[in-house]
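Got the viewer open? Let's take a walk through this one, stop by stop.

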Amino acid sequence: MTTLAFVLVIVFASAGCFINHRSAVSVRNRGIKLTSISLYHGLFSLFLVFIPVLLLILVWIVLQNPLIELYISQTLLQEHLLNTSKGEKDLILAEIRSIAGDRIFGEPETWKLNAAAALVGFQENASRFLVVTVTILSLALIIVARSRVKEKFKARQNVERIVSWLMIACSVVAIFTTIGIIASLVVETSRFFSLVPITDFLFGLNWEPQIPIREDQVAAEGAFGWIPVFVGTLVITAVALFISVPIGLMSAVYLNEFANSKIRAVSKPILEILAGVPTIVYGFFAILVVTPAFRSFGNTIGVDVAPNTALAAGGVMGIMLIPFISSFTDDALSAVPKSLRDGSLALGATPSETMLKVLFPAAIPGIVGGILLAVSRAIGETMIVVMAAGLIAKLTLNPLDSVTTVTVQIVTLLIGDTSFDNPKTLAAFALGMMLFLVTLVINIFALRIVQKYREIYD
Amino acid sequence: MNIDNINTIELVKRTLPRRNRNQVILKGLGVTAIIFAFMMLVILIVSLVSSGYKAITQTHIEFTVFVDPNKINLEKLPRGNFRGVLQDSLLAYYEGGLANREKQQLVKILSNGAQFELRDKVVANPQIIGEKITLIVPTSDPYDQLSKDLIDRDTPEEFRRLNNDEIQWFDSLAEKGMISKPFNWGLILNADSRFPELAGLKGALIGSFWALLVCFIISFPLGIGAAIYLEEFATKNRFSNLIEVNINNLAAVPSVVFGLLALAVFIGWFGLPRSAPLVGGMALALMTMPTIIIATRAALKAVPPSIREAALGVGASQQQVVFGHVLPLAMPGILTGTIIGLAQALGETAPLLLIGMNAFITSAPGTPLDSSTALPTQIFIWSDSPERGFVSRASAAILVLLGFLLTMNALAVYLRNKFERTW
């Protein structure tokens with residue numbers, strides 16, 4: 001039914017467009033001058049129908065089920081929900097919903113069946129009502145739009161005003177996304193801090209989120225100190241940078257100064273492939289090849305390497321970051337004015353001396369900005385560490401050991417059951433908040449450096 | 001010529017070999033770095049291919065089945081002892097006596113799906129009850145591994161997944177020409193399964209398709225609209241500055257945070273279903289939008305001002321200039337950027353994991369609201385499974401994913417080369 005509503009709005013909007021266009025043409029044929037070309041009269045009808053009706057459908061879809069459920073729980077279910085907690089209420093509603101969707105488990109009580117039947121009935125009626133409303137509103141709007149095809153009506157100006165507002169609305173989506181991110185993180189995090197003291201989270205040295213979900217479950221006491229998780233993230237990031245920074249820098253220096261255009265034309269795209277490989281592929285590569293390789297190497301030289309060693313996850317992440325650092329360095333080196341390079345060469349410096357003593361120092365701010373962006377990437381990188389790093393938080397700086405990261409914890413806490421009133425689930429949002437803040441600060445700082453540096457030479 | 005000058009030249013002569021040597025060292029380091037990066041790429045691809053190509057074929061066994069009317073009753077269809085029918089027919093090939101336990105062990109050569117295949121055949125065509133038919137079904141995972149030489153026959157029996165009897169049994173069947181290794185269509189045509197020999201990517205491919213479609217429908221118009229506004233119409237003020245800062249920051253927000261957003265807002269507050277490609281597509285759209293905006297702005301910027309001025313000069317309005325002239329000329333660049341953005345979205349895993357697209361679902365989704373997996377999350381599920389057969393399936397799935405990415409990127413490059421204009 002809702003699909004039908006979407007189809008209808010498109011049909012009605014095109015019909016309105018067609019009708020208005022036709023009438024504009026015929027008005028013109030009668031020798032009356034219109035201020036805009038016929039196309040704009042058509043488009044005016046299209047927008048006038050399409051935008052409000054589409055908004056109506058979207059709002060309807062979002063509100064329909066919550067409103068129906070609210071109504072049912074206050075009328076039919078009222079006596080059964082009187083003395084229940086919020087969790088039980090949600091459970092009952094979920095059961096009724098699944099009965100309504102023909103997924104019946106066991107033999108539910110009659111009142112649940114009744115409620116489910118009512119729910120289905122209401123939903124069907126609501127959908128029918130939606131289609132009727134859409135039809136009536138569309139027809140009314142088509143008539144309104146048709147009545148505007150007149151001598152003095154400035155269709156183009158009206159259409160252009162609508163289009164301007166549409167474009168502004170598109171841009172505002174970016175702001176709403178940011179607001180959405182911040183709002184969801186702040187709301188869930190504040191709920192987490194109402195269950196777990198904020199000082200425990202920020203300064204605690206233990207991370208054991210496996211708390212009991214039911215009361216009879218045997219599980220750890222639960223500790224939510226994020227420091228070991230963050231330290232683990234830093235260890236893996238450090239390993240990644242240890243690989244990617246030298247390799248990325250060296251390859252950029254070579255490509256920028258020494259390679260001829262042919263090598264450049266071949267090498268750069270191949271390096272870019274490394275950046276285009278999805279992170280899940282790197283994660284799989286880490287567990288399939290890199291971890292066993294490190295472990296067997298460790299065995300031969302007699303060093304004990306943990307099965308989820310930070311070296312594997314960090315090393316593979318380093319490979320992923322090579323093109324990132326390389327292209328930032330390349331850009332930064334290319335942005336150094338030619339005069340500096342020529343001056344240095346003219347004084348008799350070799351190309352390598354020019355690179356190391358003139359170009360490289362001049363490009364340092366841009367390179368540092370790029371490395372900072374790589375750091376923020378490494379901190380936020382998820383799949384490689386989810387697959388290759390450990391799950392248990394351990395406060396250690398030894399890269400041979402198994403460590404866990406912020407993103408690993410977010411994913412493992414949220415995979416599986418997600419009830420929103422459990423500190424275990426909410427802890428993931430608190431970690432997400434910290435991740436967002438840390439990466440945001442690094443990004444802003446890095447972009448500032450890169451921009452400032454560009455301004456100097458531009 | 002004064003004395004200082006001579007000294008300088010001598011100094012240069014003396015130090016030049018060292019300086020040149022330094023240059024060679026620097027160059028060497030650069031070449032080494034690039035070769036290292038290439039090597040890593042090669043190792044990555046070779047290891048994936050060498051592990052994934054095994055899943056391109058699937059071991060099948062062909063044997064004659066006597067559809068025993070005592071075990072399968074016409075009236076009781078689709079119920080019946082299909083398993084027993086298969087057992088009896090298969091064991092007819094074994095020479096010599098067997099204890100019951102051994103029989104049950106030997107029958108495990110058949111995939112668990114074989115009985116359902118037989119059932120479907122009988123239900124579709126009930127006349128075959130009482131007849132002999134030839135059936136080609138997949139073998140179970142250990143025997144598949146054996147025929148692909150992934151189980152080493154030299155390992156001691158107690159460390160092997162198949163004992164000596166089972167290997168002998170398999171070899172005797174192979175000698176009779178009953179074992180074949182056709183192309184593994186099941187990898188693409190089957191949905192997920194608990195058994196590696198039956199598991200396929202159909203559900204994941206369709207799920208990814210829906211998610212990408214939703215992502216495209218949302219992010220393409222929104223991204224272009226925002227980019228046109230910012231590039232062509234916005235006056236430089238605090239508002240447009242705020243939007244720009246926002247977009248730049250969104251482009252660098254970790255993907256897992258978008259997953260948290262989708263989980264809290266779309267599922268928690270709006271009440272959309274978990275595991276649905278619709279929600280996944282919406283999360284991916286928010287991530288892809290900055291990419292599309294940045295690419296579109298670059299493409300718009302590349303259209304020379306002379307085009308705009310000419311159109312304005314003959315009396316077009318600002319919007320007519322943009323939508324009638326600038327946008328069509330910028331379209332190839334926009335499409336290239338969009339395809340690259342969608343390719344990124346196709347490989348994105350973390351946000352999909354958080355909204356539950358890693359569920360175990362054995363049927364392909366019919367609509368974007370059904371529970372489903374996606375290509376990358378399917379890889380994640382398989383690589384997490386303990387059975388050996390899933391590892392090669394995961395590699396094969398990765399090859400499929402990389403194939404799609406390669407195609408999309410090639411398309412983007414083709415579009416750019418074909419339609420790119422230099423002014």
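Helices here are DSSP runs of H or I, at least four residues long, and they are numbered from the N terminus. One caution before you click: this is a predicted model.

**Stop 1: a threonine in a helix**

Select residues 423-457 of chain A; that is helix α16, and T439(A) sits in it. Is T439(A) buried or exposed? Its relative accessibility is 1%, so T439(A) counts as buried, the cut-off being under 20%. Now show what touches it. Setting aside neighbours within four places in sequence, T439(A) is in contact with S376(A) and I379(A), and also with P254(B) from the other chain.

**Stop 2: the interface**

That proline is your cue to colour chain A and chain B separately and look at where they meet. On the chain A side 79 residues are in contact, and on the chain B side 74. Between them the two chains bury about 6,300 Å², with 80% of that on carbon and sulfur atoms. Pick out M167(A), I280(A) and F284(A) next: in chain A these lose the most area to chain B, and together they make up 10% of what that side buries.

**Stop 3: charges and polar pairs**

How many salt bridges does the rule find across the interface of chain A and chain B? Just one. To see a salt bridge, show the side chains of E353(A) and R19(B), which meet at 2.7 Å, N to O. The rule also finds 10 residue pairs in polar contact across the interface of chain A and chain B, both partners at pLDDT 80 or more.

Staying on the chain A side, select residues 155-195. This is helix α6 of chain A, and with 21 residues it supplies the largest share of the side that touches chain B. If you colour that whole side of chain A by residue type, you get 55 nonpolar, 20 polar and four charged residues.

**Stop 4: chain B by itself**

Hide chain A and switch chain B to cartoon: you should find 16 helices and three strands. Why call chain B more spread out than a compact globule? Its radius of gyration is 31 Å, well over the 22 Å that the globule rule gives for 423 residues, so chain B is more spread out than that. Turn it around, too: along its principal axes the C-alpha trace of chain B spans about 105 × 70 × 40 Å.

Try colouring chain B by accessibility as well, where 49% of its 423 residues count as buried. Finally, look at contacts in chain B with a separation of 6 or more: residues 24 or more positions apart account for 74% of them.

Terms used. Residues numbered from 1 in each chain as written. Chains lettered and ligands numbered in written order. Heavy atoms only, no water. Contact = heavy atoms within 4.5 Å. Buried area = accessible area lost by both parts, 1.4 Å probe. Salt bridge = Lys/Arg side-chain N within 4 Å of Asp/Glu carboxyl O. Polar contact = N/O pair within 3.5 Å; in protein donor to acceptor, adjacent residues only side chain to side chain. Helix = DSSP H or I, 4+ residues; strand = E, 2+ residues; numbered from the N terminus. Nonpolar A, V, L, I, M, F, W, Y, C, P; charged D, E, K, R; others polar. Rg over C-alpha atoms; globule rule 2.2 N^0.38 Å. Buried < 20%, exposed > 50% of the residue type's maximum accessible area, 1.4 Å probe, protein only.
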